[in-house]
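Reader: I'd like to go through this one with you and ask what stands behind each label. Could you show me the model?

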Amino acid sequence: MDLVTLVVFGSWLAPALGSAFGREVFASAENADKDYDSAFEYDYESLRIGGLVFAVVLFVLGIVLIVTKKCSCSSDKPRPKTPDEETAVPIAQ
Amino acid sequence: MGYGRSDSYRVATTQDKDKKESPKKKGGKDLDDLKKEVPITEHKMSVEEVCRKYATDIVQGLTNAKAAEYLIRDGPNALTPPPTTPEWVKFCRQLFGGFSILLWIGALLCFLAYAIQAATEDEPAGDNLYLGIVLSAVVIITGCFSYFQEAKSSKIMESFKNMVPQQALVIREGEKMQINAEQVVAGDLVEVKGGDRIPADLRIVSSHGCKVDNSSLTGESEPQTRSPDGTHDNPLETRNIAFFSTNCVEGTARGIAVCTGDRTVMGRIATLTSGLETGKTPIAKEIEHFIQIITGVAVFLGVSFFILSIVLGYSWLEAVIFLIGIIVANVPEGLLATVTVCLTLTAKRMARKNCLVKNLEAVETLGSTSTICSDKTGTLTQNRMTVAHMWFDNTIHEADTTEDQSGSSFDKSSATWVSLARIAALCNRAVFKAAQDTLPILKRDVAGDASESALLKCIELSCGSVKAMREKNKKVAEIPFNSTNKYQLSIHETEEGNENSYLLVMKGAPERILDRSSHIMVQGKEQPMDEEMKEAFQNAYQELGGLGERVLGFCHVFLPEDKYPKGFAFDTDEVNFETDNLCFVGLMSMIDPPRAAVPDAVGKCRSAGIKVIMVTGDHPITAKAIAKGVGIISEGNETVEDIAARLNIPVSQVNPRDAKACVIHGTDLKDLSQDQMDDILRNHTEIVFARTSPQQKLIIVEGCQRLGAIVAVTGDGVNDSPALKKADIGVAMGISGSDVSKQAADMILLDDNFASIVTGVEEGRLIFDNLKKSIAYTLTSNIPEITPFLFFILVNIPLPLGTITILCIDLGTDMVPAISLAYEAAESDIMKRQPRNPLRDKLVNERLISIAYGQIGMIQALGGFFAYFVVLAENGFRPYDLVGIRLNWDDRSNNDLEDSYGQQWTYEQRKIVEFTCHTAFFVSIVVVQWADVIICKTRRNSVFQQGMRNKILIFGLFEETALAALLSYCPGMDVALRMYPLKPSWWFCAFPYSFLIFVYDEIRKLILRRNPGGWVERETYY
C-alpha cells in the first residue's frame, strides 16, 4: 500500500516539479528587467508547488518512520522476566 | 477430613448490619436485608418437618401438580440477571458523560451566539455556527468511538457466559426424571452425584460419601463432606445443606430443595452485588476537577472581558458575543478525543498482556491503587491440593509445588520413600480420567478426593505410572475412610517373589496411625517405635500442621504368610485381620500452593507502595502460611500471637503496635467497632483476614475506602463479587473465575495470573503521567488561540487568528503529537514510588495551568503575534498604524483604506491579507508547538536524558508540519478554509520563540532537578 501511494505521488510530482522549475527561471528573468511600473507580482504558483512538495516529503518521511520497525517504540520495551524459583513454604528441618 | 487442623470450623455470617451505623447505601432496606444472616432454618429441622413444610414426600417427591404450582409461585430456579443497561443509555452516557458535557455547553453557546448575530446583523458571520457544528461533531464521533470500544470488551464478556443449560435429576411422584435445572422448585427431591452442579439449596436427606466443593462460596480449597445430620446452627457451616451452584465432587446425595433461584445463598450474594452502587473512577474524578479548572479560567476571562468591552463602549449584544467567544475559545476541542485515544491505546496494550479492561476509565485506576485486597483461593494459590512436604527417615523433605515442576526435588533414593510411595499409590481411590495420556500430569483431570488426587499426582510424577503399580498389587479388600475410624485401609496382593502374599496399607489422621503402629521405618529398616521417635513424630506433625498443611500419616504391614495364606478371605465388616502393630512409614502434607508468579508480584506491589491485604474465607492457619509464602506477611514480621508465643506471655499483654502483621478471624471481625477496624487497617501494614464471609469482605473494602485508599480487589469466587463490585477496581480471574465475579469486576485477568496486576499498575501509572503531559501540551496552544481575540477586542486590530484556523490546530495539527505522548516511556522507575495521593496529586493542577497558560502559552502567543505583524508590515501596515483600525478594516463599504505607505486597499484585498495573517499565525503556532511537544515529553528530566526514542512523536512532528504546509499551499484552500500560501520567510518568524520555549523549559527543569523541593519545584512541577 505504501508503495502504491509513493508511485501515485511520484507520477503526480514529476510534472509539478518540472513546471515549478520552469517558472522559477521565468520569474527571475522578469525580475532582471526591473520594470518598476508594472503591478506587484509574486510567484505564488511555484511557492504553492514547493510547499506541497515539502508537505508530501514530510508526510512520506513520517509514514516511513512509523512503518519501519513499528514495534520497537519505546513504551513497548520487553520486561525481563525472572522466574521465581523459590517455593512457597519455607522449609523446616 | 480435617486432619491437622486446630481451628474449629467457623464461618462468620452473623449480621453485620448493626455495625454500620449509617446505612449509606441507596436501596436501603433491601440491601441491608441481603447483608443479614442467611435465613435458612431447614438444617435444624428433622427431615420429616422439612417434608411437611414443603408438602413433599421423602420417597415419592412432589406431585407434578404441586411442582407446577410452586413453579408458578416462586418462578423459575435461576438467578435474575443483573439489570442490564439498555444500549442507548450506555451510548448516551458516552455522549454526555464527563468531558463531553464541556464541549456540548461550548456548542450550545456557539449556536446561541450565532442566533444573536443572526437576529441583529444583516449578514452574520458563519464562524459561530461552524464552530458549534464542529464541536457537536467532535463529541458525537468521540462518543461513538468509546462506545464501540467498550462494546467490544463486553462482547468478550458475553463469550464467558456458560450457555449450556443445567440439568437436574429430580424425583416426582416416585419417578426419577431429568429436568432443566430452571424447573426445580422448593420441595423437590433432588439427586446429585459426583461431577454435578447442585441445582438448588438442598437439605440433604441421605448421602453416600458425598463431598461438595464450596470454594466459590466460602473460599475453602478442600471439598466438604455432606451428610444428613445437622452439625451446626449456622447454615453455612452445617453439613446437611448443599448450596446452589457449588459442585458435588464425589459420592451421591439426595436432598430436598429448600430455596431456589434468587432466594438461594448464592442468589442473595448475586443480588447484593448487583444492588451495590459504585463510586466514580479516580480518572473520572480527575477529569471533573479538570473541567472545573478550565471552566473557572474560561468564565473568569470571559466575564472580565465582558466588563472591559462594556467599559470600552461596545454594545451589550457585542459584549455578549465576545463573552461567548472567549468562553468557547477556552474549550480544548481536541482534548476529549486525545484522552479517549490515550486510554484506548493503554487498554489495548493491557489486553495484549492479558488484562481485559471492561470500562475504559478503569485503565488508570490500578495506577492509583494504594491497597489491594486479594482473595486467596484461586487467585494467589493454584486452587489444587498438592503434596508440599513429606516426613520420613526422621527428616522433612520438601516436594516440588510449582505449576511447571521447575522447583527442587528431594532425595528419592531412600527405601522408606519407596514404601511411602507404594502406600500412597495403593491406599488411594483417586484415578486419572480416561484419554488424558498426552496431557502433562498436573493438568490431567482426576476423579476423586482432592487430597487423594494430590497424592496420586505426586506419586505419578516421582515414581511413574500408578496404574501399573496398582495392577501389580491387586486390591483384595478395602475399608474406606469414615469419620469414626479416621483412616483408610486396603489390602493388596504382593508382587511376585515376596515371601508374604498380602500387604496391608493404611493412611489417615497421623495420631491414629501412630496409635496403631508398633514399629517405624528408618532407611528402609523397621525398628521399634520408641519415645524418641514419637517425640520426633510429634515435632514434625506440629511443624507441618503449623504451615497450614493437611497432614496424613502412612503405615503398612506385610501380613505374615502363615496366618494369611494366599486366597485368604478378608472380611472388611468383621475385620478378620489385624489392624494394629503396623509399621509407621511417614507423613505427607498437602497444601494448595501459591502460584509461582505471586511472591514476585507481591514484592513489586510492595515496593510500589501498595499495601496487599489477604481476605479469604479459608482457615487462619492456612491463610497465614500462604500469606507468609507469598510475602503478604514478610519474613521477620510477627503477629501479636507470634510475639506472645515467643515471649511466652498472654496475648493480652502484647502491645498491638509492636506487631506489624496481623491475622484477623472473621468472627472477631464482626465484633469490632468501626474505629477498631480503622485502627487495624491503619496501624498494621500486613493484614490477613481469614474466615470472612462475602459481606465482611465488602466491609473490609469499605473500611479501606473510608481511610482514603483507592482499593483494588482481586477474586474469583461468588463470595468475592460484592467486594469486587464495591472496590474502585475489581479484578476477576478469566479462567477460574465465576460468572458472577466477572460480571462484578472492572478488569479481567485472562490468564489468571496475579502478576498481570503489576503490569496493570505500571500501565495505569504511566498513562496518568502521560495524560498530564498530553493535557499540558494541548492546553498550551489555548493561549495563542485566545489572545488574538482579546487583542482584537482591546486594541481594535484586525483579527489575527480566526475560528477555522483554531479548529485546524485543535483538531488537526495538535492531535497526533498529543496522542503520541501516550507512547512516552516513564521518566523514572514508576514502580518504585508511592501511589499518588488522590487528594493532593491531581491530573491537572494549578501548576500545570500556570506552566501551560502562564508561561509557555504566553511565549507562543508572542511568536504568533510576531508573525502576524511581520506579514502585515511586509504588506504595508506598520504595527503602530494597526491599532484602532478595526472598524474601518471590517467595513465592507470602505474600499480605499490607506496603509502606512499610502497604498489603498479594497475590502477584499484587505481580507486576503488578514487571512494570510491567520495562516501565518497558525503556522507559527505549529512551529512553537514543536518545541512544546518536546518539552512536554518530560516533567522533570531533560530531553537529553529522555532521548527521542518515541517514534510516534517524531511522526507527529512530521505530520503536523506536513499538514500545516498542506493547508497553506494546497490549491483551493483559499476558497475552502480561507488559508493562503505563505512566503517561506514567514515560516521562520516563530523559530526564535520555539527555541526560547525549549531553552526556558530546559532551564526550569534543570533548576527543578538541582533543587529538589525548592521554589521552582513547588510552583512549577505539575
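Author: Sure, and bear in mind that this is a predicted model. Let's start between two domains: six residues of domain 4 of chain B are in contact with six residues of domain 5 of chain B. In domain 4 of chain B, B:A596, B:I621 and B:A625 lose the most area to domain 5 of chain B, together 60% of what that side buries.

Reader: How much area do domain 4 and domain 5 of chain B bury between them?

Author: About 400 Å², with 63% of it on carbon and sulfur atoms. The C-alpha centres of these two domains of chain B lie 36 Å apart, and the salt bridge count between them is zero.

Reader: What makes helix 19 of chain B "mostly covered"?

Author: Helix 19 spans residues 620-630 of chain B, and nine of its eleven residues are buried. Among them are B:T622, B:A625 and B:I626. The buried residues pack against several elements of chain B, including strand 20, helix 18 and strand 21. Just after helix 19 of chain B comes B:G631, with a positive phi of about 90°.

Reader: Which residue in the loop between strand 21 and helix 19 of chain B pairs with B:K376?

Author: That's B:D618. The side chains of B:K376 and B:D618 meet in a salt bridge, 3.2 Å from N to O. The two residues are 242 residues apart, and B:K376 sits in the loop between strand 9 and strand 10 of chain B.

Reader: Why is that called a salt bridge, and are B:K376 and B:D618 buried or exposed?

Author: The cut-off is a Lys or Arg side-chain nitrogen within 4 Å of an Asp or Glu carboxyl oxygen, so the 3.2 Å between B:K376 and B:D618 qualifies. As for cover, buried means under 20% relative accessible area. B:K376 has 0%, so B:K376 is buried, and B:D618 has 3%, so B:D618 is buried too.

Reader: How do you know how B:D769 and B:R833 should be classed for burial?

Author: B:D769 has a relative accessibility of 9%, so it counts as buried. B:R833 has 29%, and partly exposed runs between the 20% and 50% limits, so B:R833 is partly exposed. These two also form a salt bridge, with the closest N and O atoms 3.1 Å apart. The pair links helix 26 of chain B, which holds B:D769, to the loop between helix 29 and helix 30 of chain B, which holds B:R833.

Reader: What makes the phi of B:D752 worth pointing out?

Author: Most residues other than glycine have a negative phi. B:D752 is not a glycine, yet its phi is a positive value near 60°. B:D752 lies in the loop between strand 26 and helix 26 of chain B, and with a relative accessible area of 4% it is buried. B:N581 is also a residue other than glycine with a positive phi, about 55°, and its place is in the loop between strand 19 and strand 20 of chain B.

Reader: Last one: why is B:V311 called exposed?

Author: Exposed means over 50% relative accessible area. B:V311 has 63%, so B:V311 is exposed. B:V311 is found in helix 9 of chain B, and with B:V299, B:V303 and B:I307 it forms a nonpolar patch on the surface, with about 340 Å² of accessible area together.

How values were computed:
Residues numbered from 1 in each chain as written. Chains lettered and ligands numbered in written order. Predicted model: local features only at pLDDT ≥ 70, side-chain atom pairs only at ≥ 80, totals over all residues. Heavy atoms only, no water. Patch = residues over 30% accessible without salt bridge, like charges linked within 9 Å, V, L, I, M, F, W, Y side chains within 5 Å. Areas by Shrake-Rupley, 256 points an atom, 1.4 Å probe, with all protein chains shown as cover. Helix = DSSP H or I, 4+ residues; strand = E, 2+ residues; numbered from the N terminus. Buried < 20%, exposed > 50% of the residue type's maximum accessible area, 1.4 Å probe, protein only. Domains from an automatic or database assignment. Contact = heavy atoms within 4.5 Å. Buried area = accessible area lost by both parts, 1.4 Å probe.
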